[in-house]
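Welcome to this briefing. Have a look at the sequence and the structure below, and then let us walk through the main features together.

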Amino acid sequence: MTLTTDSHPAVLAAIAEECAALGFAMSCDRATGQLLRTLAAARPGGRVLELGTGAGAGTSWLLSGMDAGASLVSGELDPAVAAVAARHLGADPRLELVVGDGAELIDSLAPGGFDLVFADTWPGKFHHLDQALELLAPGGLYLVDDLLPQPTWPEEHAASVTALVERLTTDPRLHASYLDCSTGLLLATRRP
């Protein structure tokens with residue numbers, strides 16, 4: 001069943017238009033976006049980290065769920081793609097956009113400082129995973145997407161995805177659930 005009654009962030013259409021012009025086809029889908037908004041809304045005053053801003057689609061969903069006291073740090077490696085997010089979302093005082101390597105961003109952050117981490121790029125998902133998980137506060141949520149085959153996957157990537165799911169669902173620090181929906185999601189909570 002697909003629910004279509006939920007509104008979407010108004011800025012999504014403009015972001016999608018710029019993505020098409022750039023040839024960027026890796027934006028967050030609607031189902032993942034709705035989940036991001038719900039998770040952000042469940043953390044009033046929360047600190048959110050997004051690894052892989054892209055052009056800002058997922059970022060816009062996160063911001064649409066956050067209250068005025070919440071904050072979001074979002075990092076993107078590609079400056080041209082990050083510029084799209086900056087144009088459409090950069091004026092939001094709750095948002096800190098970081099252009100640079102995701103692994104360096106992860107390494108620069110204090111452990112335990114985030115209530116929600118959305119890992120939508122390789123750092124924090126396929127490498128620097130332990131460091132990303134250490135950023136979670138007790139009870140903090142960790143979400144990854146794109147666990148079902150995607151057109152953008154490199155050769156032999158399926159084995160990496162299988163290993164990631166196994167790793168997260170057996171990590172003693174986490175309660176984790178694989179969600180066979182959207183692009184393939186895994187949601188985990190850091191045990192207190």
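**A first look**

In the hairpin of β6 and β7, 5 residues lie between the strands, and Ser182 there takes a positive phi near 55°. The model is a predicted one. Beyond that hairpin, the tour takes in an open sheet of 7 strands, some helix packing, and the salt bridges, of which the structure holds 8.

**The sheet as a whole**

- The open sheet of 7 strands has mixed pairing, and its order reads β3-β2-β1-β4-β5-β7-β6.
- Which strands stand at the edges? They are β3 (95-99) and β6, and each has a single partner strand, so one side of each is left without a neighbour in the sheet.
- From one strand to the next, the twist averages 15°.

**Strand pairs**

- β6 (residues 174-179) pairs with β7 in the antiparallel sense, over 6 bridges. Leu179 has Leu185 in β7 as its bridge partner.
- β7 (residues 185-190) also pairs with β5 (residues 136-144), again in the antiparallel sense and over 4 bridges. Here the bridge partner of Leu141 is Thr189 in β7.
- β1 (residues 47-51) and β2 (residues 71-76) pair in the parallel sense, with 5 bridges. One of the partnerships to look for is Val48 with Leu72 in β2.

**A helix across the sheet**

- Helix α7 lies across three strands, β5, β6 and β7. Its direction is at about 140° to β6.

**Helices that pack together**

- A useful starting point: two packed helices are described by the angle between their axes and the distance between the axes.
- For α1 (residues 12-22) and α4 (residues 79-89), the axes come within 10 Å and cross at roughly 160°. Angles over 145 degrees count as roughly antiparallel, and α1 and α4 are therefore roughly antiparallel to each other. Their crossing is right-handed.
- On the α1 side of this contact are Ala14, Ile15, Glu18 and Leu22, which meet Ala80, Val81, Val84, Arg87, His88 and Leu89 of α4. By class, the contact has 7 nonpolar, 1 polar and 2 charged residues.
- α2 (residues 30-41) and α3 (residues 57-65) pack at an angle of about 35°, and their axes are 7 Å apart. The crossing of α2 past α3 is right-handed.
- From α2, Arg30, Gly33, Gln34, Leu36, Arg37, Ala40 and Ala41 take part, meeting Gly58, Trp61, Leu62, Ser64 and Gly65 in α3. The residues of this contact divide into 5 nonpolar, 5 polar and 2 charged.

**A salt bridge to find**

- Side chains of opposite charge can pair when their charged atoms come close. Arg173 and Glu134 show this with a salt bridge between their side chains, at 2.7 Å from N to O.
- Where do the two residues of this pair sit? Arg173 is in the loop between α7 (157-170) and β6, while Glu134 is in helix α6 (residues 129-134). They are 39 residues apart, and the pair links distant parts of the chain.

**Two positive phi values**

- Most residues other than glycine have a negative phi, and most peptide bonds are trans.
- His128 is not a glycine, although its phi is positive at about 60°. His128 is found in the loop between β4 (114-119) and α6.
- Ser182, met at the start, is likewise a residue other than glycine with a positive phi, near 55°. Its place is the loop between β6 and β7.

Notes: Residues are numbered from 1 along each chain as its sequence is written. This is a predicted model: local features need pLDDT of at least 70, side-chain atom pairs count only at pLDDT 80 or more; totals for chains, interfaces and linings use all residues. Side-chain values use heavy atoms; hydrogens and water are left out. Two strands pair if DSSP finds at least two bridges between them. Axes are lines fitted to C-alpha atoms, for helices over the stretch in contact, and angles run from 0 to 180 degrees between N-to-C directions. Angles under 35 degrees count as roughly parallel, over 145 as roughly antiparallel, 65 to 115 as roughly perpendicular and the rest as oblique. A crossing is left-handed if the near helix is turned anticlockwise from the far one by less than a right angle, and right-handed if clockwise. Contact means heavy atoms within 4.5 Å. Ala, Val, Leu, Ile, Met, Phe, Trp, Tyr, Cys and Pro count as nonpolar, Asp, Glu, Lys and Arg as charged, and the others, Gly among them, as polar. A salt bridge is a side-chain nitrogen of Lys or Arg within 4 Å of a carboxyl oxygen of Asp or Glu.
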